[in-house]
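Here is a friendly briefing to read alongside the structure. Take a look at the view below, then follow the topics in whatever order suits you.

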Amino acid sequence: MGSSLKSRGGTALLFLSLLLHCGWAYNGVYTEVQSGPLYRVMDSTLYLSCTVGGFKDVNATKEFQFRMFRPEKPSSEINIISTRDELFTYAMYSRRVMKKEITLEHVTPNSVLFTIRKLQKDDEGDYECSVVNSEVDYLGDYSAKTTVRVIDNSLSISSPVSSSLSHYQGDSLSITCQASSNTVQHTHLSFAWYHYESDPASAKPIISLDRDFTLNAGKGFEARYQAGLIGLDKMGEATYKLKMDLLELSDQGKIYCEAQEWIQDPDRSWYSISQKEAEASMLNVRAKEVAPDKSSLAARISVQETTLQEGQELSVTCSVDAHNLVEKFFSVAWLRENVELARMGPTGVLSVGPQYSSREKQGELRAARTGDRDYHLVLQPVRTQDGGQYVCRAWPQDRATDGSFTQGAAQDSPSQLVTISATESGLSVEMEQSLVKVDEGKKLQLTCKVQGIKGQLSVIWQRKTSSTSVSAVTDVVSVNQGGVMEMGGEFTERNVKATRPAADTFTLEMDEVTPSDSGVYQCDVSEWTIKSKTDIQKTSSQSQTASVTVTPLESFVTVKLWSRTTQVTVGQNVALMCSLKGSDLPMTVTWSLQRENTSSLDNILTWYANGDISWSGEHRRYQLERKSGQNGVHHSLLINGVSLREAGRYQCEPSVFLENRHKRLQSPGLLAVMVKNPVSTLYLTPTPALTTNINTDVGLKCSVNDPISSSSYFAVTWLVQQQGGNRTVVSADRDGGVTFGPRVEPSLEQRITMRRGKGPSFELNIRQARVSDSGLYLCRVVEWLQDPRGEWFALPPVQTKTELIIIEPPNDLGLSKNELHLSTREGEEVELECSLISGAANPSLFYTIAWLYTGSDPAVVKAPLVKLDHTGLLRYPENQDLRGLQARLRLSRPTHSSFRLGIQRAHDGDSGTYECQVEQYQLDHQGDWQLKASDGSGPIMLSVNVTEHNLSIANEDMELNLTRPQEVTIPCLITAGSSRESQFQVSWFWQKEAESERHTLFVAYRNSTLQNRFGKSDRLRFTHPNPHSFNLTIIEPVPADGGLYSCEVEEWVPSVSQGWRKVAVEMSGYSTLIVNTEGVAKAVSELGCTSGVWLGIVACIAICLLLVVVVLAFKLHRGHVPGTKKQKKSLWEEGHALNLKPSTEE
């Protein structure tokens, strides 16, 4: 079981991985290209691979496109090549695409290789590879970018070895090669020595040093490398030395050195960006001479270079061959023109002839045994007298037991002619350009080509301010024959350098030139010959000049300051443009502002050439933007939400950082920006002319319409124009601070308020207005706005006026005298109203209202119930008899002309006569209440009625004749009640027809209690099918039950003051019951007459029933459960027993 589960789990995982592999975990298309930046040298080949994945159709060939974005225009795309559209290419690349210098080829259906042969400097930029979507869905990345940087090829390689070398078989070969690079980026060099016989294409590496500094022997040279016969040594920074011992005849051919420069791409892979080879040298290897017998020896001589000039190195190798060479001793001597230069004895001791002893002491002569058979002599530097026939002479040396040596016969090698000539310089110098023009701030580069080089070279770059002979000459930079660079005194702080990219080329580079750098530049090259270790002589000097003109920035850079809008309103935006044309130098732009009534310029901010920004003032209002285009560079100063403080004359001042200082260019002048306040659109809506009574509250409203802004603030001043002129009543500043006018009396200050409403609106309220308050009121509003700096400024004031007239009103208080009659039912709410006929319209008038009551009790006559005075004080006069009524009173004034008294849950004792007494008050100018008038209303008669009797029941008489046993129901149906809250008590009575005495049979009380007074509860049944229907049923009546039956209903209603109260009693009609016994006997007799007919039938039925009874008896006997109790017949139809109550009245 466990192995089965494991198998299933493994299958599920395999299936899931297959689903994911087949594309079910689809995340969209992705495009990949080599990560940048990629550094490649000019004239080399650029390869870019581009791969796409995520398409549903993996096998479909995808179409690719390549574009580029140049650094000076990063937003402008240039179409280069496409795999499907030949017209895709822009014109600047069409020629190179047609010549197959630029290609785009499919490697797989989902990948391509983009190639540019002979990279140009203009090919530097961002390259984008994009794939054309061939499917319906569009999800993922369909393009990828990388950056390519094109740099100069600064790799140089040269070999000072003669073009022809001659050696014997078995000799040692030692040659050097110089290789170096001035690339700024971090690169590695690899170096190799190659050999070929005749065809350069068949060249094979002898030994190489890769970029990781690992030595590797070439194919065919491994064994000699392992034996230590081949080696490669790096001496110093740029010299590589090849050493080959025991030369073989197969080594004859041409030997050259090769260097490669490598750079590491962002993906951590190494890429060869440059490769150069030095000129090959011919190596001739002659067969070695063999000694004729065992006792003899053979000597031979080899000279590395036979034709030399003074100062060069002469290398002479003597080789000795003999049988059992290792076991023998030899003395070897070097002779020139039969004069011994030096001799090395059998023990390795060197002795030098008298002609060369001084040179040996100076280190110009040295000799050593380099192998079992090789002896090496070096003269450096050689002199002309060192030329002539050179011979190697060897003597065998026999060693005695005492350690002494016996010299044998000498053996000379063939002579070798060495020619040493005095240095005759063929040096010539040529400037690539004799007239050079360069823009200020750019780089000056001068190139000086040298030919006829024989010795070591030095160069001095000099400058004269003019071409005249009297002009002072200033040294710029020099490089001596040892490669040491020295700056001229005036240029020590300048970015100047002199390089020698090739053996025949000297360059001068000077960054950020200025007009003061104009003049005549001279390249002075000197050739040097080494006479001795301490004697180096200049043999020749040649120079050439070039005239350099530096064009000042002002002559080709134009600056323009402009704006589309120079007159703006507070809060608007302004854009100032400073356009720079004519130069791509990084420039610094400083923005300044000259405010009104000042002559000085205040710096706002500075945009530096490196993108940094420095702020000189408040910078929240300013933003900078820089855009580069075909028409130059545009610097924009954006002022967001100008205020009056931004008004003034603006200036943009460009500068270029040259010679460690900012050089200011000519300013385009000042551009004035005028800022004005917005034009007010505010208007006011006043209160119409107003005439009102004295001592009333007056409100004058001044509504503001169409403000400039929804966030505007307002300052409001109310003035009154009277006979004495205008005077300020009250004013409120924009923050809501209220102040009264200087001529406003203290009494008026207490009566005046001002408030702000919606809209906004401003309302002047005068409490208890007086006649002296009359006049023409002016509302003056000043709109305040906040500029973007948060500073407030005011717009011109706007005003409107309202005329106010205060008059003294006449006394016309009057109440309705009509007599009113009201009737209500007990428990309900009733309202009594007292109406003003006149005098209610004046809001300055206040009233005291008192309600009086006269009841049925003679002691209660016009007794005060409640009083609400003119100050709002409510009082209930003390009266023990009216306390219950006072607790249920409610006063209200729904309108100015009506006063209402509400009585809640009216009692029958509330009936009586009600009157209201009104007094009119008004405040005088001193604030005291004055009684103006009083009046009383007509009487209001209130009648509170208890619940009316409205009970009725069905009272039809009926007769019931019974001839066989059956049930009889005596109904009692209520057809109408007095109240919905009524409860009923129902009683049934029986009496004989000849008697008048009634007997109570049954009573159903209103609390649902039942009472049976018949004596036999098992023969009566009570039902109550609905709230108004009551039934009494007699079960199996007998003749003695005959007689008159009736029911009586009592109605009870709840009373507010008395609780439950019986309001009505009604009797039903009579139901006559006759139980006929003769009818029952007659029925039995008729049955007997027909017994003969039915006897047979009955007998059959009896037999069947007997069988059934027997079967049932048997089953009952088996299923009988003891303890079962027989149920009696119930009085209730529902089967519940009746609870009887003793005969007592409620």
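How exposed is arginine 343? Arginine 343 is partly exposed, with a relative accessible area of 25%. Its salt-bridge partner, glutamate 340, is partly exposed too, at 29%, and the N to O distance between the two side chains is 3.1 Å. Please keep in mind that this is a predicted model, so the confidence values come next.

**Confidence**

- The protein has a mean pLDDT of 84, with 89% of its residues at 70 or more.
- Helix H1 (residues 2-21) has the lowest mean pLDDT among the elements, at 40, while strand E7 (residues 111-116) has the highest, at 96.
- Residues 1-25 stay under a pLDDT of 50, and the model gives this stretch three contacts beyond four places in sequence.
- Residues 1119-1146 are also below 50, with 37 contacts beyond near neighbours in sequence.

**Salt bridges**

- There are 39 salt bridges in the structure.
- Side chains of opposite charge can pair when their charged atoms come close.
- One of the pairs is arginine 888 with aspartate 910, whose closest N and O atoms are 2.9 Å apart.
- Arginine 888 sits in the loop between helix H7 (883-886) and strand E71 (889-895), and aspartate 910 in the loop between strand E72 (898-903) and E73, so this salt bridge ties together parts 22 residues apart in sequence.
- Arginine 888 and aspartate 910 are both buried.
- Lysine 1062 pairs with glutamate 1050, with 3.9 Å between the closest N and O atoms.
- Because lysine 1062 belongs to strand E85 (residues 1059-1067) and glutamate 1050 to strand E84 (residues 1043-1055), the pair connects parts 12 residues apart in sequence.
- Lysine 1062 is partly exposed at 42% relative accessible area, whereas glutamate 1050 is buried at 13%.
- Glu829, Glu831, Glu833, Arg890 and Arg900 are joined into one network by salt bridges that share partners.

**Disulfides**

- The structure holds eight disulfides, including the three described here.
- Cysteine 702 and cysteine 779 have their sulfur atoms 2.2 Å apart, and their link is left-handed, with -85° about the S-S bond.
- This pair links distant parts of the chain, 77 residues apart, with cysteine 702 in strand E56 (residues 698-705) and cysteine 779 in strand E62 (residues 775-786).
- Cysteine 702 is buried at 0% relative accessibility, and cysteine 779 is buried at 1%.
- In the disulfide of cysteine 834 and cysteine 916, the sulfur atoms are 1.8 Å apart.
- Cysteine 834 lies in strand E67 (residues 830-838) and cysteine 916 in strand E73, so the bond ties together parts 82 residues apart in sequence.
- Cysteine 834 is buried with a relative accessible area of 2%, and cysteine 916 is buried with 2%.
- Cysteine 972 and cysteine 1047 form a disulfide with 2.2 Å between the sulfur atoms, and it is right-handed because the torsion about the S-S bond is about 75°.
- With cysteine 972 in strand E78 (residues 968-976) and cysteine 1047 in strand E84, the pair ties together parts 75 residues apart in sequence, and both cysteines are buried.

**Strands and a polar contact**

- Strand E9 (residues 143-151) pairs in the parallel sense with strand E2 (residues 38-41) over four bridges, and valine 41 stands opposite isoleucine 151 in E9.
- Strand E8 (residues 125-131) runs antiparallel to E9, joined by six bridges, and serine 130 stands opposite serine 143 in E9.
- Glutamine 920, in strand E73 (residues 912-923), is buried at 2% relative accessibility and makes a side-chain polar contact of 3.1 Å with tyrosine 847.

Technical notes
Residues numbered from 1 in each chain as written. Predicted model: local features only at pLDDT ≥ 70, side-chain atom pairs only at ≥ 80, totals over all residues. Heavy atoms only, no water. pLDDT = per-residue confidence, 0-100. Helix = DSSP H or I, 4+ residues; strand = E, 2+ residues; numbered from the N terminus. Contact = heavy atoms within 4.5 Å. Buried < 20%, exposed > 50% of the residue type's maximum accessible area, 1.4 Å probe, protein only. Polar contact = N/O pair within 3.5 Å; in protein donor to acceptor, adjacent residues only side chain to side chain. Salt bridge = Lys/Arg side-chain N within 4 Å of Asp/Glu carboxyl O. Pairing = 2+ DSSP bridges. Disulfide = S-S within 2.5 Å.
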